Amino acid sequence: MSAFTKRWKGCVGVTLALATTFSTLPVASAAEQPLTVDGKTSETAAASCFEIKQNNPSAPSGSYWLYTPDMDAPGQFYCDQETDGGGWVMIGRGREGWTENDNGVGDPAEIATNPDGTDAFKPVQLPSATVDALNYNQPPKDQYQGTRIRRALDNAGTEWQEFRATRDQVENWSWGLSAYANWSDIKFDNPRLYYGFDRTWGTSKDRIIGLNLNYNAMYFVPRNEQNRQLGFGYGPFIRGEDNDTSYVYSYQRNGYALPFTQIYQRPKVTQADLKWPEAIGDQGTARKARVQLPNSYTEPMKWRTSEQTGTGSKGEMNSYGQAFGEVNGTVFVGGDYKFVQSAAGEQVQQPFLTGYDVNTGELVRTFTPRLNGQVKSLVGLPNGKLAVGGEFTQVNGEPNNGFVVLDPVTGEIDRTFNWKVENRGSSGTSYVKDMQVSNGYLYLAGRFTHVTGHTSDVAAFARNAARIKLSNGGVDWQWRPNFNGTVNGLNASDDGQNVFAAGYFSTLGGETAYKLATINPVDGSRLREWTWKLSFNLIGDQTGFQFDVQDSGDTVFTGGSEHIIAQYSKADYSRLSSAITKSGGDFQDLSRSPQKDVIYGACHCGDWIYEGSDMWQDPWPNYTNVYQIKLIAAFDAVTGRVLGEFSPQISGASGYGIWDSFTDSKGVLWVGGDINTSMGARGPQRTVGFARFAPRDAQPPVAPSALRVVTDGTTDQMDWAPVAEAGVKYQVLRNNKVIATVDEPSYSVAHQDGARYFVRAVDAAGNLSASTPVAVASQGQLTDREEASGEVLAYGSTWDYKLGTEAFGEDWNAVRTLVTGWSSGKAALGWGSAPLATTLEKATATSFIARHDLELFGIKGRDLKLTTYADDGLVIYVNGREVKRSNMPEGTVTHTTYATAAPSTATAQSKPVEVTVPAEYLREGKNVIAVSVHSNYRSTPSVSFDLKAEMGQ
């Protein structure tokens, strides 16, 4: 029996289905038959609870299927179909322990199945994105009857209060409910003659409503009386019971009791409001990955800094962790600390600068530099050395003023270039606060007046900013800005057209440049004036400053004083977006993700961030949303919007916040500053000085394959090749909508004439694979798939191929990768040999890659034998794993790697290359054989490739 088990078998069947089979069908030929939209099944999901009640006035309260175009698939939700005519969807419920994290908390399915009762006391909150999807283009500020909060009034849960209010101005749902915000249409409804009077307010700018009125009060704020647990608390004189069964909970019977609470919204959405995407083409849907963000929980602490500074000074300019850089697999952490300590308690007396293995997080003990002052900036150089900037005056016992280059293995001073930074001004103090390697230069920023390069002993006057040519180590004498104040942050744009600066200055080269400047990349002059508005309004005050600046393609982000992060157009320097933290603090650091789609903004802020605001004193008139922020947040690099899915919980001893953020080569986000506690996956942990956040899963699963559909005229039955990844489910699409999500690789549904089916995989993180190509039903029954045997891939087969004129690309040889922009042709492939079925246009390429998909079934425990030849050299991969290389050097192979031999085609073919691929490398359904073929030297006259595959017994 095949490992691919069938539910329907035994009769002759018709195998259906790939895109080419039905290429003559018009894309929109399927006339979808009308279904009763009652929400009782995934196939009949409604747009809202309201629509269900409109279609069926007698529909009872309970679990229903809902689906809007903003959702990846139908889901089950609890609908209150009784209160005020019904149509309410529950978005959260619980007693104490609520969160302000926009990812929500708990399993959303529990709301639908367990909306009430003592076993529902542990809070479950839908992710904010799910709430927005349910509301489908109806922002909270416009929602019918606002947000409804239902609270238990007595310990037995027999009496209830209804509270309603509208979240004014807010465009997206956020669980940041402890923030001071604008609310209107506030109303408390209590049981008559039982718990006092009803109460109605017009508006409030508070934490929902915080009036001292006992039952008619709403305190969603962590309080000491309730052990800092969040809940929808009553006033100071209301007490419940401190046990697991009381609907009104009081920690040690204190006031501000936390009742069991249910939260509802009432989106009035119907099918007529929904705008579904166009019909899916024959090729199916593309993969869909989540934005690559870090997990919100910090990684387990392996090493931390001391809580004593190495300088003995204490203040926000002397934070423990202030700089990160990476060289050859070591991440370096610089700052002002006395020693580092392991999780086991070992102390290593190495102040100011240490290195950690990028793979393990362990201390690199060979790296032992000795500095006498704090480190402010770090950057890896192209020659594999580490540049260090800061406020030190000695390194390894030698005089060194604020800038040095070190060997990243030993910490010894690197003497390749004789670089020197000086301050010949009245203070005599020089330091480097920021550095960047870009477009062949090392940029320096901070407080200094002169820089000496490797090519001359003459110091170049370059006040507070300079750059060095990495080709020869000489100062660029053509680029010598003259800032009249310290430059805190400097960032050269990717395209080399701009260099941005932020700091305490007010002029650049004698021209006005108030705290922000755009520097000409050619001569260091002011490129253009940057006029911007301060985030506070104090008459005659000119103390505003900017800490950092970050290029982001067509825009540039800035962060600075009085709690503002802002985004500007590089076309005209108009402000495109801004946000204010309150109560909070200045933005001190900006960094950009390797994917360049996320900006991280760090600050000494521990409360809320008001998106859309631009004034610290009064952020409420124009804010569009409010989120919790704990020292760092993520922002969309294009729109400037807060990405609330990254919601870490970090705090420090003195409130100085985070001073640097950095994403290493493994995608881990490092943050450093005044940190002593963070929230890990298992609870709070001591992460002093710096913390690490691993990247969340943003890799879609492999696409299912070999979809078959048959029908008896009443039922459409389908199956497909499963995906090997653990925990995946399958979404079945009919025409342009998902109709079901299933665990097994098969499904049956009522027949629909002309229906076009697709199947895609979804993992536990919500990433979507590409779908199968289209399949339509044909008369017959499903049968067992034919077991793979004998020759499954012959010589002369058609392969997808691509010339190696550029890097092969990420995961080019993996099953999950979609082949786009490739050519196809029959083997043998190559140039200069005879005979060739497909001759490649060599151009300047010295290599090419090729891949072939194989559908294999019934292969459990069986090997696959591959036979080919090396002309000149090749590397073979199966499902992304290397299985053989021949005539190729060891190590990483790229498109420019040369083969180690140059046999003629005839000689190569006379010496076959054989490899047995073990069964554990294979999978039921889609497999990929991929090869990279390489010439021995640029003018090699002939290169060719062909391969056959045979299934073992």
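# Report on a predicted chain of many strands

Of the contacts in the chain with a separation of 6 or more, 62% link residues 24 or more positions apart; a contact means heavy atoms within 4.5 Å. The model is predicted, so local features need pLDDT of at least 70 and side-chain atom pairs count only at pLDDT 80 or more, while totals for chains, interfaces and linings use all residues. Residues are numbered from 1 along each chain as its sequence is written, and side-chain values use heavy atoms, with hydrogens and water left out.

## The chain as a whole

The chain contains 4 helices and 71 strands. Helices (H or I, at least four residues) and strands (E, at least two) are DSSP runs, numbered from the N terminus. The radius of gyration is 32 Å, close to the 30 Å that the globule rule gives for 953 residues, so the chain is as compact as a globular protein of that length. This radius is taken over C-alpha atoms, and the globule rule is 2.2 Å times the number of residues to the power 0.38. Along its principal axes, the C-alpha trace spans about 95 × 90 × 55 Å.

Of the 953 residues, 59% are buried. Buried means under 20% relative accessible area, exposed means over 50%, and partly exposed lies in between (1.4 Å probe, protein chains only). The chain exposes about 37,400 Å², and carbon and sulfur atoms supply 47% of that area. Accessible areas come from the Shrake-Rupley method with a 1.4 Å probe; for residues, only the protein chains shown count as cover.

The chain has 85 positive and 104 negative side chains, and the centres of the two sets lie 2 Å apart. Lys and Arg count as positive and Asp and Glu as negative, whereas His and the chain ends are not counted. The place of a charge is taken as NZ of Lys, CZ of Arg, CG of Asp or CD of Glu.

## Two hairpins

Two strands pair if DSSP finds at least two bridges between them. Strand S26 (residues 431–438) is mostly covered, with 7 of its 8 residues buried. S26 runs antiparallel to strand S27 (residues 441–447), and 7 bridges join the two. Ser438 has Tyr441 in S27 as its bridge partner. S26 and S27 form a hairpin with 2 residues between them. Asn439 lies in the loop between S26 and S27, and at 48% relative accessibility it counts as partly exposed.

Strand S40 (residues 575–582) is also mostly covered: 6 of its 8 residues are buried. The antiparallel strands S39 (residues 564–569) and S40 are joined by 5 bridges, with Ala566 opposite Ser578 in S40. These two strands form a hairpin with 5 residues between them. S40 also pairs with strand S43 (residues 608–611), in the antiparallel sense over 4 bridges. In that pairing, Lys582 stands opposite Trp608 in S43.

## A helix against strands

In helix H3 (residues 128–135), the buried residues are Ser128, Val131, Ala133, Leu134 and Asn135. They pack against strand S1 (62–66), strand S2 (75–80), strand S3 (88–94) and strand S13 (261–265). After H3 comes Tyr136, whose phi is positive.

## Backbone angles

Most residues other than glycine have a negative phi, and most peptide bonds are trans. The table lists residues with a positive phi.

| Residue | Phi | Place |
|---|---|---|
| Asp185 | near 50° | strand S7 (residues 181–189) |
| Asn439 | about 50° | loop between S26 and S27 |
| Tyr573 | about 65° | turn of the hairpin of S39 and S40 |
| Tyr136 | near 35° | follows H3 |

Asp185 counts as exposed, at 56% relative accessibility.

Where are the cis peptide bonds from Ala827 to Ala828 and from Asp871 to Asp872? Ala828 belongs to the loop between strand S61 (823–826) and strand S62 (829–831), and the bond that leads to it from Ala827 has omega near 5°. Asp872 belongs to the loop between strand S65 (864–868) and strand S66 (873–878). The bond from Asp871 to Asp872 likewise has omega near 5°.

## A buried loop residue

Is Asn190 buried or exposed? Asn190 is buried, with a relative accessible area of 7%, and its place is the loop between S7 and strand S8 (199–206). Asn190 and Phe758 are 568 residues apart in sequence and 51 Å apart in space, C-alpha to C-alpha.
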